[in-house]
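Reader: Please take a close look at one part of this model, the internal cavity and its lining.

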Amino acid sequence: MLIYLITIFISFFLLHCSFIPKSRYVKFLLVFFSVLMPSLLAAFRDLNIGTDLGVYGLRTFDSAIKAWNVTSPLSFFSEATIEVGYIIINLGVALFSSSYHVLFFVLQFIVLTLVVVGCFLLKDELKQPAFFYLTYLLLNYCFSFNILRQSIAIGIFIIACKFLISRNFWKYAVVIAIGFLFHKSILFMLPLYFIPSLINNYPKIPWNIVVLILGLILYLVFPLLIPLGISVGFLDSKYIRYANSNFSTHKNNLSFYILIFSFSWYALHIAKGKFF
C-alpha cells in the first residue's frame, strides 16, 4: 500500500509543478511523468488484482490476440458483447503485444491522460486542478483496477464537465457519445445538462433535500432496476450479479457518494446562491 501512496503523491507533485513553468517542453515532461509513474505501477500488478479482469478483462484480451493470429478482427467485433471502444483498445494492444501487463499500462495511461486533460480544461473552474487530480488518484486509482471500461468513461466525463459548465450542449453530448463507446452508463450523465436550468427556474424548491431523497430511493431500489434493465434489453444479462447478495459492497459505495454529492451541492448553493 505504501508504494501506491508514494507514487500517487509524487504524481500529484509533478502535475502541480507543471502549472508553474512557461516552457512547454518542461511542462510536457512534468505532465508526462505524472501520468507515466502510476501507469507503470498499475501495469505490474498481479493478474488477480481487479474484479473485471476475471469477468471479461483477460478473456477479451485473449480473444483480441486470437483475432489477429487465428480468426480476424471483424469476427471479434461481431462476437464481442462489450462496448466497441474497449474492443478497439484491446485490438490495438494485441497487435503489438500479447502481454497482459502492457494492456494494463495502456488502459491506465489512457485513463490518467483523460483525467489530466480534464484538469487543464477545468483549471479556471477548479482553481487548484492538481488537487483535483490528487483527489481522483486517492479515490479512484486503485478502484480503477476493478472497473476497466468504466474508468475510461469516467475520464471522458471529466472532460465533458468543461462543456457542462460552459453550457455548450452539443459539445457535451458529443463527448458523452464518445464515452458511450466505452461504457453505456455514461448516458445517465446526459440529463445533468438540464439540471441547472431546472433549479434556476424553480429556486424555491429545496433541491438539496430532493437530491438526497432521490438518492436514497435509488439506493433502495437499485437491485430492482437491474432485472428491469435486462428485461427491456438495455442491460446485458451478465449484470444480474449486481442484484444479488454481493451487491452490499456496491450499495455502501453508492450511499457514500450520495451523501458526498448532496452535501457538496448544498455547500455550493450556500456559497454562490446559484448553480453553474
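Author: What follows describes the cavity, then one residue of its lining. The model is predicted: local features need pLDDT of at least 70, side-chain atom pairs count only at pLDDT 80 or more, and totals for chains, interfaces and linings use all residues. Residues are numbered from 1 along each chain as its sequence is written, and side-chain values use heavy atoms, with hydrogens and water left out.

A search of the whole structure finds 1 cavity of 30 Å³ or more (a set of points on a 1 Å grid over the protein atoms alone, where a 1.4 Å probe fits but cannot get out). The largest cavity has a volume of about 70 Å³, the volume being the space filled by probe spheres set on the points, which are joined across faces, edges and corners.

The lining (residues with an atom within 4 Å of a point) consists of Arg45, Phe104, Leu107, Gln108, Val111, Ser144, Phe145, Ile147, Leu148 and Ser151. Two or more residues come from each of helix 6 (100-121) and helix 9 (148-165), helices being DSSP runs of H or I, at least four residues, numbered from the N terminus. Helix 6 gives the most, with 4 residues.

Ser151, one of the lining residues, is placed in helix 9. Ser151 is buried (under 20% relative accessible area, 1.4 Å probe, protein chains only), at 2%. A polar atom of the Ser151 side chain lies 2.5 Å from the backbone oxygen of Ile147. Apart from neighbours within four places in sequence, Ser151 is in contact (heavy atoms within 4.5 Å) with Val111 and Ser144.

Terms used. 1 Å grid on protein atoms, 1.4 Å probe; cavity = no way out; pocket = protein on both sides within 12 Å on 5 of 7 lines; lining within 4 Å. Buried < 20%, exposed > 50% of the residue type's maximum accessible area, 1.4 Å probe, protein only. Polar contact = N/O pair within 3.5 Å; in protein donor to acceptor, adjacent residues only side chain to side chain.
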